[in-house]
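Me: I have a structure open and some labels to justify. Walk me through the reasoning, please.

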Amino acid sequence: MHAMLSEEDQMFLDYTRRWVDKECPKDWCRELETREHQFPHELWDKLVAFGAHGIGVAEEYGGQGGSIITQALFAREFARNAAGLSWVWGVTSFSGTKAVLFGGSEEQKQRFLPKIASGELKTAMAFTEPSGGTDLLGGMKSRATKVDGGWLLKGEKIWSTGADVADYLLVMARSDPNASKRSDGISIFFVPRHSEGIGVTPLAKLGMRAVSSCTVAMEDVFVPDELVLGEPHKGWYHSTKTLNNERLVNAATCLGMLDGVIEDAIEHMQTRQAFGKPIGQFQALQHYLADMAMWQKQGELLMLHTAQLQAEGQPSHIESGMVKVLCSEYVSKAADLGIQILGGMGYSAETDMQRYWRDSRLLRIGPISNEMARNMIAESYGMPRSF
Ligand SMILES: Cc1cc2nc3c(=O)[nH]c(=O)nc-3n(C[C@H](O)[C@H](O)[C@H](O)COP(=O)(O)OP(=O)(O)OC[C@H]3O[C@@H](n4cnc5c(N)ncnc54)[C@H](O)[C@@H]3O)c2cc1C
């Protein structure tokens, strides 16, 4: 048993690992990923059967219960085979669910969480705008104007992952243009995707190709008052409550992909022959593997430590940023070495290494860029705010 896990968490981990290998094998995930802009509903259905969308949702709201540790363990195991297809789970079950959990009214929790937990509802996040994701507040041009019984939304979003198949879009917009602070006067709206005035267009991209990331155009979209998430004008504060959790789960996803890289590298090193012996006998390649193994161990320790802090409700802002940066950079480097170890087959669409390489690259950019995360880490060590 892992020294940093409870018996219950270890049992969940073992069970999840077996399920992932049986139900979501790598070659199946690889095939699904090549189907550009075709959401893998069959993978979604398996996640529903497993109960994955209810992990971390309290039983009173129809979920399975479980802590942030359980969610991180699931994210890691699932990403080992699914890689970027993890977002089939993550977008709704993590980002959407969490936003509702932390920011929603009691009525909204009762209304939406059971449907999210049972897999009846898909959600997508539409926060980023073409004019900027890192400086989200500075770049935000989307406006929400109060009208009788609700709000009219106008603006454009970019990179909203899963927006083409979502039932609801979580849209952030400026609702009070006269607010004195940039972070005030922002609201989050739970917008039915088929509302009049919404146009969703998938973008071509490097990785996780089956799960579309989309532009979302909003032209006077009416949203009733009851679909403003939590308190109007306080949306920024609702969203920031989820950030530490999100960074941790992103790190766990990176760690899962790193596990996948190591598994595939070892298998190839043991079976591929050159100069009359397995390539695993060459010291150069053994050193690559040793580096990856050290990155894996460091990432795992910081991931579990951060998860523990979060589960106990202790401050974890800095650790969450650190683990996200560390794991996203380690998996990127490892996948690159993994391609080297596999040689030409690493570049082939018939193996998974190229998928880990493409899919992990995103995690250095979003949901927070590693430069921005480093700004925050340095600031916490007494440096002046650099942005
Ligand atoms: C495939 C994909 C899926 C995504 N899914 C979603 C989604 O579902 N929902 C959603 O809302 N968004 C999503 N995003 C958006 C993502 O969160 C943003 O891309 C990310 O926040 C970066 O914003 P940007 O692309 O506008 O880059 P910019 O903000 O323009 O940054 C460009 C560069 O400048 C650097 N930079 C900016 N400011 C600073 C600073 N102060 N100090 C140092 N460096 C700085 C950045 O680190 C980066 O290297 C997705 C993006 C991609 C590519």
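**Ligand, helices, domains**

Reply: Start with the ligand. In this predicted model, domain 2 (124–233) and domain 3 (239–380) both give residues to the shell around the ligand, so the ligand lies between them.

Me: Which residues come nearest to the ligand?

Reply: Gly-133, Thr-134, Gly-366, Ser-369 and Phe-387, out of 22 around the ligand. β1 (123–126), β3 (150–161) and α13 (370–380) each supply at least two residues of the shell. By class, the shell has nine nonpolar, ten polar and three charged residues.

Me: Why is α11 called oblique to α13?

Reply: Look at the angle. Helix α11 (residues 317–342) and α13 pack at about 140°, with axes 9 Å apart. Roughly antiparallel needs an angle over 145, and roughly perpendicular runs from 65 to 115. The angle of about 140° fits neither class, so α11 is oblique to α13. The crossing is left-handed.

Me: What makes the contact between α11 and α13?

Reply: On α11, the residues include Ile-318, Met-322 and Val-325. On α13, Ala-373, Met-376 and Ile-377 are among them. The contact residues divide into six nonpolar, four polar and three charged.

Me: How do you know that domain 1 touches domain 3?

Reply: Contact here requires C-beta atoms within 7 Å. 25 residues of domain 1 are in contact with 22 residues of domain 3. α4 (68–82) gives the most to the domain 1 side, with eleven residues. That side has ten nonpolar, eight polar and seven charged residues. The centres of the two domains, taken over C-alpha atoms, are 20 Å apart.

Terms used: Residues numbered from 1 in each chain as written. Predicted model: local features only at pLDDT ≥ 70, side-chain atom pairs only at ≥ 80, totals over all residues. Near = placed C-beta within 6 Å. Helix = DSSP H or I, 4+ residues; strand = E, 2+ residues; numbered from the N terminus. Nonpolar A, V, L, I, M, F, W, Y, C, P; charged D, E, K, R; others polar. Domains from an automatic or database assignment. Axes fitted to C-alpha atoms, helices over the stretch in contact; angles between N-to-C directions. Parallel < 35°, antiparallel > 145°, perpendicular 65-115°, else oblique. Left-handed = near helix turned anticlockwise from the far one by under 90°. Contact = placed C-beta atoms within 7 Å.
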